[in-house]
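Hi everyone, thanks for making time for this. I'd like to walk you through one structure, so let's put it on the screen.

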Amino acid sequence: MLGNIIDHRTDKLNPHVDVVYEPSIHDDRRRRSEPFFDWDETANSGTYFAVVWQYGTTLREAVLRAERDWPFPVTAYLYDRGSAPAG
């Protein structure tokens, strides 16, 4: 389920991306205010992860994967294709 999109692309109109996913509960820890996301929902889902990435995809596929693969909100960090931001 898509929770947030953080767009680091230099060309915001280019649909070809590298994407890094994190559970959106990580966003709440950075904000230090009222949480938007439910820790229990994420932690008890059985599919919790720290970081997952996918390179050489499209914006459409990145969003579809977030919606399809996780039952809790995830944040998709978008980067220019070929930048391999996670190494």
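Let's begin in the middle of the sheet, with β2 and β4: these two strands run antiparallel and are joined by 7 bridges. If you want one spot to look at, find D18, which stands opposite Y79 in β4. Before I go on, please keep in mind that this is a predicted model.

Now, what is the strand order of the sheet? Reading across, you get β1-β4-β2-β3, an open sheet of 4 strands with mixed pairing. The edges are β1, residues 2-7, and β3, residues 52-58, each of which pairs on one side only. From one strand to the next, the twist averages 25°.

On the other side of β4 we have β1. These two pair in the parallel sense, over 5 bridges, with β4 covering residues 74-80. Two bridge partners to click on here: L2 goes with V74, and I6 goes with Y77. As a reminder for reading any sheet like this, side chains in a regular strand alternate between the two faces.

Is β4 enclosed or open to the outside? Of its 7 residues, 5 are buried, so β4 is largely enclosed by the rest of the structure.

Let's zoom out to the whole chain. It has 3 helices and 4 strands, and from the N terminus the elements run β-β-α-α-β-α-β. The C-alpha atoms fill a box of roughly 35 × 25 × 20 Å along the principal axes. For those of you who like a sanity check on the overall dimensions, a compact globule of 87 residues would have a radius of gyration near 12 Å, and the chain has 13 Å, which agrees.

A few more totals for the chain. Buried residues make up 32% of the 87. The exposed surface is about 5,200 Å², and carbon and sulfur atoms supply 54% of that. Then there is the contact pattern: among contacts between residues at least 6 apart in sequence, 81% join residues at least 24 apart.

On to the aromatic rings, where there are 5 pairs in the structure. Y21 and W70 form a tilted pair, 5.0 Å centre to centre with 50° between the planes. That pair links distant parts of the chain, with Y21 in strand β2 and W70 in the loop between α3 and β4, 49 residues apart. Are these two residues buried or exposed? Y21 counts as buried at 0% relative accessibility, and W70 counts as buried too, at 8%. Ring pairs also link Y21 and W70 with F49 and F72 into a cluster.

Another pair is F36 with F37. Why do we call it edge-to-face? The ring centres are 6.3 Å apart and the planes sit at 80°, so it falls in that class. In this pair, F36 is exposed at 61% relative accessibility, whereas F37 is buried at 17%, because the cut-off for buried is under 20%.

Last stop, the end of the chain. G87 lies in the segment after β4 and is exposed, with a relative accessible area of 77%. How far is G87 from W53? They are 34 residues apart in sequence and 9.6 Å apart in space, C-alpha to C-alpha.

That's my tour, and I'm happy to rotate the view for anyone who wants another look.

Key:
Residues are numbered from 1 along each chain as its sequence is written. This is a predicted model: local features need pLDDT of at least 70, side-chain atom pairs count only at pLDDT 80 or more; totals for chains, interfaces and linings use all residues. Side-chain values use heavy atoms; hydrogens and water are left out. Two strands pair if DSSP finds at least two bridges between them. Axes are lines fitted to C-alpha atoms, for helices over the stretch in contact, and angles run from 0 to 180 degrees between N-to-C directions. The radius of gyration is taken over C-alpha atoms; the globule rule is 2.2 Å times the number of residues to the power 0.38. Buried means under 20% relative accessible area, exposed over 50%, partly exposed in between (1.4 Å probe, protein chains only). Contact means heavy atoms within 4.5 Å. Accessible areas come from the Shrake-Rupley method with a 1.4 Å probe; for residues, only the protein chains shown count as cover. Rings of Phe, Tyr and Trp (its six-membered ring) pair if their centres lie within 6.5 Å; planes under 30 degrees apart count as stacked, over 60 as edge-to-face and the rest as tilted.
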